[in-house]
Amino acid sequence: MIRELQATRRDYEAYIKCKYKAGISKKIGEPSVNVLTEEKLPTFENYIYAFKQRRKNDDTKEYVYETDGEIVAMAIVIQIDKYASIQEISVIREYQLNGFGRKFYQELEEKLINDGVRTIFTKCFADGGIAFFNKMGFVGEYKMQKEL
Ligand SMILES: CC(C)(COP(=O)(O)OP(=O)(O)OC[C@H]1O[C@@H](n2cnc3c(N)ncnc32)[C@H](O)[C@@H]1OP(=O)(O)O)[C@@H](O)C(=O)NCCC(=O)NCCS
């Protein structure tokens, strides 16, 4: 089930696992590689503050995907009229390559269609990520798009 990210400790913990620890799917057919830098992870208090700031911008939506009571994935999407841009999509590392990304994407796309979106854009520079978006019906490399 897809829903919007919330200002709760549970969502904070999932957000950290997705946004900072899911790595990048650099290689075709392989799990993501870790790209965690020296960047400090936000504290829960920082997360709440940043969350409230981001909520002031109506165009940006953050979604999580829950299955069997567990949050396994997150996406950041900008929606403007008939257009949407997926800024980030990530599945928690231990759940990757098990079909959750596809299920999440499908529900996200359904939601965007219901919201009136007709074109989805994304940018991806990692070969494994490009392969994933190709499987989801996106065309192009690096700058990718899908007409709905
Ligand atoms: C990319 C990501 C979101 C895909 O989610 P996932 O749950 O691992 O992918 P799924 O298991 O649902 O795979 C869906 C399809 O994409 C393909 N796919 C996913 N990752 C792939 C990879 N690294 N290489 C090749 N194909 C891949 C799968 O083979 C599958 O195809 P199939 O249904 O024909 O078998 C996830 O692996 C992830 O979070 N990676 C780290 C973050 C990242 O790189 N995000 C993309 C930034 S551009």
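Val 64 touches Arg 3, Leu 5, Asp 11, Ala 14, Ile 71, Ala 73 and Met 74, with residues up to four places away in sequence not counted. Here two residues are in contact if their C-beta atoms, placed from the backbone, lie within 7 Å. The model is predicted: local features need pLDDT of at least 70, side-chain atom pairs count only at pLDDT 80 or more, and totals for chains, interfaces and linings use all residues. Residues are numbered from 1 along each chain as its sequence is written.

**Nonpolar cores**

Val 64 also belongs to the largest nonpolar core, which has 24 residues; Tyr 15, Val 64, Ala 73 and Met 74 touch the most other members. Such a core is a set of buried Ala, Val, Leu, Ile, Met, Phe, Trp, Tyr and Cys residues joined through C-beta atoms within 7 Å. A residue is buried if 20 or more other C-beta atoms lie within 10 Å of its own, exposed if 12 or fewer, and partly exposed in between. Two or more residues of this core come from each of helix H1 (9–20), E2, E3, E4 and H3, and E3 gives the largest share, 6 residues. Helices (H or I, at least four residues) and strands (E, at least two) are DSSP runs, numbered from the N terminus. Apart from this core lies another, of 5 residues, among them Phe 132, Phe 133, Phe 138 and Met 144.

**Helix H3**

H3 has 15 residues and spans 21 Å from its first C-alpha to its last, close to the expected 21 Å; the expected span is 1.5 Å times one less than the number of residues. Its buried residues are Gly 101, Phe 104, Tyr 105, Leu 108 and Leu 112. They lie on the same side of H3 because they cover an arc of only 95 degrees around the axis, the arc being that of the directions from the helix axis to the C-beta atoms. The face turned away from the buried side carries the exposed residues Gln 106, Glu 110 and Asn 114. The cover over the buried residues of H3 includes strand E1 (2–4), strand E2 (60–67), strand E3 (70–80), E4, strand E5 (119–123) and H4.

**Ligand shell**

The ligand is surrounded by 25 residues, the closest being Gly 101, Cys 124, Gly 128, Gly 129 and Ala 131; a residue is near a molecule if its C-beta atom, placed from the backbone, lies within 6 Å of it. Strand E4 (83–91), helix H3 (100–114) and helix H4 (127–135) each give two or more residues to this shell. H4 provides the largest share, 5 residues.

**Loop residues**

Most residues other than glycine have a negative phi. Two residues other than glycine with positive phi are tabulated below.

| Residue | Phi | Loop | C-beta neighbours inside 10 Å |
|---|---|---|---|
| Asp 68 | near 50 degrees | between E2 and E3 | 5 neighbours |
| Leu 97 | near 60 degrees | between E4 and H3 | 14 neighbours |

Asp 68 therefore counts as exposed, with 5 neighbours, and Leu 97 as partly exposed, with 14. Asp 59 is found in the loop between helix H2 (44–55) and E2. It counts as exposed because it has 11 C-beta neighbours inside 10 Å. Leaving aside neighbours within four places in sequence, Asp 59 is in contact with Ile 78, Gln 79 and Ile 80. The C-alpha atoms of Asp 59 and Asp 81, 22 residues apart along the chain, are separated by 9.3 Å.
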